[in-house]
Amino acid sequence: MTDILKSFLRTGAGRLVAAGIAILVSVAFIATVLSLSDAFNRTMRTTAQGSYAGSDVIISSSESMMSESSGDDAADSGEPVEFDAKVAKKLATDAQQIPQISQTQADRSIAALTKMDGVEQYITAATTPIGRHYEFVSGKAPQGPGQVMLYQDTAKSLGLSQGQQVNLDTTGFASETDDSGKTAKDTGKKSTVTVTGILRGSDGGDPTVYTDDAGLDALGGDSYYESLRIVLKTPGDTTAQSQVAHDFADLLAKQRGGKVVDKDLEGLQAAGFTVQTNEQVVDQYLKTLSGGTNILTSIVLAFGAVALFVAALVIANTFQVLVASRTRTLALLRAIGATRGQIRAATLAEAFVLGLVGSVLGVLLGWGLAVGFSYLARSWMGGFEIATLPVSAAIAGPVLGVVVTVLACLTPARKATKVTPIQALAPVDIPAPNAGFPWIRAILGGIVSLVGLVATVFGGIAHQILLALPGAIVLFCGILLLTRVIVPPFVRVLGHLFSAITRSPAIGLVARNIKMAPRRTASTTTALLIGVTLVSTMMIGAQTMKTTSQAALAESNAVDMSIAQPSEHEQSVIQGSDIVSAHAHLDGAKVTVPGTADPTAADADENPAGDDSAESAGQSKDLALTALAPDSQALKAARGKDLTPQAGTVYINDDQARELKSDSDSYTTGDPVGTFTFKGERGTVKLKAVAGHGIPRAEAVMDTSDLSQLQPTAAEGAMWTEISDQATSSDVQKLTSALNADDRVDQEGAIMRVTMSSIINVVLAIVLVLLAASLVVAVVGVANTLSLSVMERRRETALLRAMGMTRSQVSWMVAVEALLMALVAIILGLVLGLLFSWAGISSLIQTNRIAITVGIPWGQIGAVIVAAILASLLASLIPARAVSRTKPAEGLSA
């Protein structure tokens, strides 16, 4: 068997390269995903430590944990303590009673304003955390007042480098009252500090500069105390961390009363404090992110499984080509004594060697790609960890590669054993396959497809992802079973159609050849079908999600950005912004709405007197709103559709509706709220309030006739702004900072819109890059199948050449065959992609209130069609070149 294996490897090296590329690409895909996933998890753990890196135990107020605590736990552990300088000092003194503690530090910070590129933005100045190892990209740690250091990510976002100076303004950030209840003096001041060092990585939070205690004191302002950091004499010892945490919690409970409540990852709660180990802080953070991370990794690995599946098809086709090309060799081996078992074992051993070599190279390639992506990620996210080769990738890659290759080779190996010795003396012609209709496959595939189709459609209509997703998988499996039934006739029909249109006999011959090998045609088309279906599903799904989410956001946020009482400066900023696509100024009137809604007055007919007694409405809240009446120009700057209420009706935000009624009911668009009196400085009007319509915060939209009773002015109006669809979250934040309008700006609609678009675009880009792997493998599969087709038709090609057909004509036949299979894959793939994308988005949206608007990105779909056609033609180049070199005499004498 060893000699046979060596012979196979020598004679089939050329064709093995194609299959090797398929398995290499697939395994590299898996290895890249696993390596990057490992690097991402390590990055998350580093980020999770944040400002607590280097600390062993952290003590903070239990206030942040109260929402998740039961009433009994809250009572046992005491009321939350307000963490301030006195509390921090007392805790530091208490820490001296625990011998394992080496040092403590109050985690305090100061809020400040800085101006970068003419735009003011908030920044935090904090004490340099103790116990942490710092890796400097440049410079050194601050040595006193006037010096700061910051992380690489922060420096990049602020445009700072070592040696530059930063202006910090801490005025206006003092507490409202001092300990005696009197108004506190603003101790803030304006300072200029020098950046002495840039740290590698990220602190995982808001932009922060670090200095020592003296440097922080020199900045003035009011310090915010968050926690007490504790470093042990044995840093990083998790056992010691747990022991000290329990000892400190017991000490707090003993001194201040109450019990110690163990909240698992949330730490120990005692006397109004929360005591956590560093490991608990990190694990708690990771727990909140791991769900999404694991889902993302699972989705990406699912695409890896698809690439492996396509690779299996390619490998099976490759070995069919090898077996067909070795028919005479196999027959001679049988004639000189080789047994069926030896032939089978040698073929499977050849697959094992191919799988092992391709997998090892794939793992190394995948690791190299992961390292490259890591450095690329680090260039824009400085703290990203460099990818290493995890054990999972080192083991899973070769195992999957070998198993898939050997399994894919089982059928070709069985066919190799059926070669008889007499075939060594026969011509190379391969007999035509059985043209009988595959009834069993048709019935089974039809049943599976019908079940999957019903589940997919019903899951989409009922908004049930747990039904739609399995249904889509079952449907696609049914389609794969039916490819042998529907693809060859479909390709033949297209071939005859093009032959009739072009009057080309060569295309007619292609259609006949496809009929001679339906199984191979279906197998090749399947490889392309998988790629086109996945790509079109993701593209149409992403566009559908965009259009649907934009429509939903327009209902909840009718205006991207609204500025109440805009100043001349703010108006000029809006008019000069590159990301503003439309804007309009609306005259308005400041009004106060007493929260005295009568529940029985929701219908004016039932309450003609319009009783506004607070007794009938219960406890409610007065609201200060800006009354507006949008004109045609304002409607162009809004995304909402229904923003023109009838006379006597006013639209208010659903949050304002709840405040007026002082209830927790959920209001949706069109829900009546009650009848209210809108009191302005120059007039009063009584209107029936209706919730929803995406009205901006603190605004009320009414008819022009109603607004006229309030005598609106330009000074009391608002500016509505539509943000460009190409804007990013950073662009919106910069615009908001430039406006510096504080709570007069409602930019929730813009932020939600650009955030949603950004997420969809990033996910789509990542998935499409990953899908490229399966498409590359599919191209290899098409090339292999066409090679087998050329081999089987060698005598036919020679006869055609002898009858006068030119080399270009026989080459064109091969290209047309590839083109026909690609067209069928495109048509079926786009239909399935449209169905899957609709069902997927509809099942993810758990409500009938949001209409699914299917969006088709025609430009992207066109690119997919062109790419699939070019890929098929590219795959036909080598087989076409081979068939064009067939000489009539050689082919007929074979």
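1. Phenylalanine 83 and phenylalanine 273 are both buried. Their ring centres stand 6.5 Å apart and their planes meet at 85°, so the pair is edge-to-face. Phenylalanine 83 belongs to the loop between helix 3 (71-77) and helix 4 (85-95), whereas phenylalanine 273 belongs to strand 12 (residues 273-277); the pair thus links distant parts of the chain, 190 residues apart. It should be noted that the model under discussion is predicted.

2. A further aromatic pair is formed by phenylalanine 476 and phenylalanine 836, and this pair is also edge-to-face, with 6.4 Å from centre to centre and 70° between the planes. Here too distant parts of the chain are linked: phenylalanine 476 lies in helix 14 (residues 465-502) and phenylalanine 836 in helix 25, 360 residues apart. Phenylalanine 476 and phenylalanine 836 are each buried. Over the whole structure, the search returns three aromatic pairs.

3. Helix 25 calls for a second remark. The axes of helix 16 (residues 518-556) and helix 25 (residues 807-844) come within 6 Å and cross at roughly 35°. The crossing of helix 16 with helix 25 is right-handed. In the contact of helix 16 with helix 25, the residues comprise 16 nonpolar and 11 polar, with no charged residue.

4. The salt bridges of the model number 12. In one of them, the side chains of aspartate 107 and arginine 229 meet at 3.1 Å, N to O. Aspartate 107 is located in strand 2 (residues 101-116) and arginine 229 in strand 9 (residues 224-232), so this salt bridge ties together parts that are 122 residues apart in sequence. Both partners, aspartate 107 and arginine 229, are buried.

5. Which side chains does arginine 108 meet in salt bridges? One partner is aspartate 213, at 3.8 Å, N to O. Arginine 108 sits in strand 2 and aspartate 213 in helix 6 (residues 213-218), so the pair ties together parts that are 105 residues apart in sequence. Another partner is aspartate 217, at 2.6 Å, N to O. Aspartate 217 is likewise in helix 6 and arginine 108 in strand 2, so this pair ties together parts that are 109 residues apart in sequence.

6. Is arginine 108 buried or exposed? Its relative accessible area is 8%, and because buried means under 20%, arginine 108 is buried. Aspartate 213 has a relative accessibility of 40%; since partly exposed covers values between the 20% and 50% limits, aspartate 213 counts as partly exposed. The salt bridge of arginine 108 with aspartate 213 therefore joins a buried residue to a partly exposed one.

7. Salt bridges also form a network in this model. Which residues does the network link? Its members are Asp560, Arg639, Asp725 and Arg753.

8. Some totals for the chain complete the note. The chain holds 28 helices and 21 strands. Of its 894 residues, 49% are buried. When contacts between residues at least 6 apart in sequence are considered, 82% join residues at least 24 apart. The pairs described above include examples of links across the sequence: phenylalanine 476 with phenylalanine 836, 360 residues apart, and phenylalanine 83 with phenylalanine 273, 190 residues apart.

Note on methods:
Residues are numbered from 1 along each chain as its sequence is written. This is a predicted model: local features need pLDDT of at least 70, side-chain atom pairs count only at pLDDT 80 or more; totals for chains, interfaces and linings use all residues. Side-chain values use heavy atoms; hydrogens and water are left out. A salt bridge is a side-chain nitrogen of Lys or Arg within 4 Å of a carboxyl oxygen of Asp or Glu. Helices (H or I, at least four residues) and strands (E, at least two) are DSSP runs, numbered from the N terminus. Buried means under 20% relative accessible area, exposed over 50%, partly exposed in between (1.4 Å probe, protein chains only). Axes are lines fitted to C-alpha atoms, for helices over the stretch in contact, and angles run from 0 to 180 degrees between N-to-C directions. A crossing is left-handed if the near helix is turned anticlockwise from the far one by less than a right angle, and right-handed if clockwise. Ala, Val, Leu, Ile, Met, Phe, Trp, Tyr, Cys and Pro count as nonpolar, Asp, Glu, Lys and Arg as charged, and the others, Gly among them, as polar. Rings of Phe, Tyr and Trp (its six-membered ring) pair if their centres lie within 6.5 Å; planes under 30 degrees apart count as stacked, over 60 as edge-to-face and the rest as tilted. Contact means heavy atoms within 4.5 Å.
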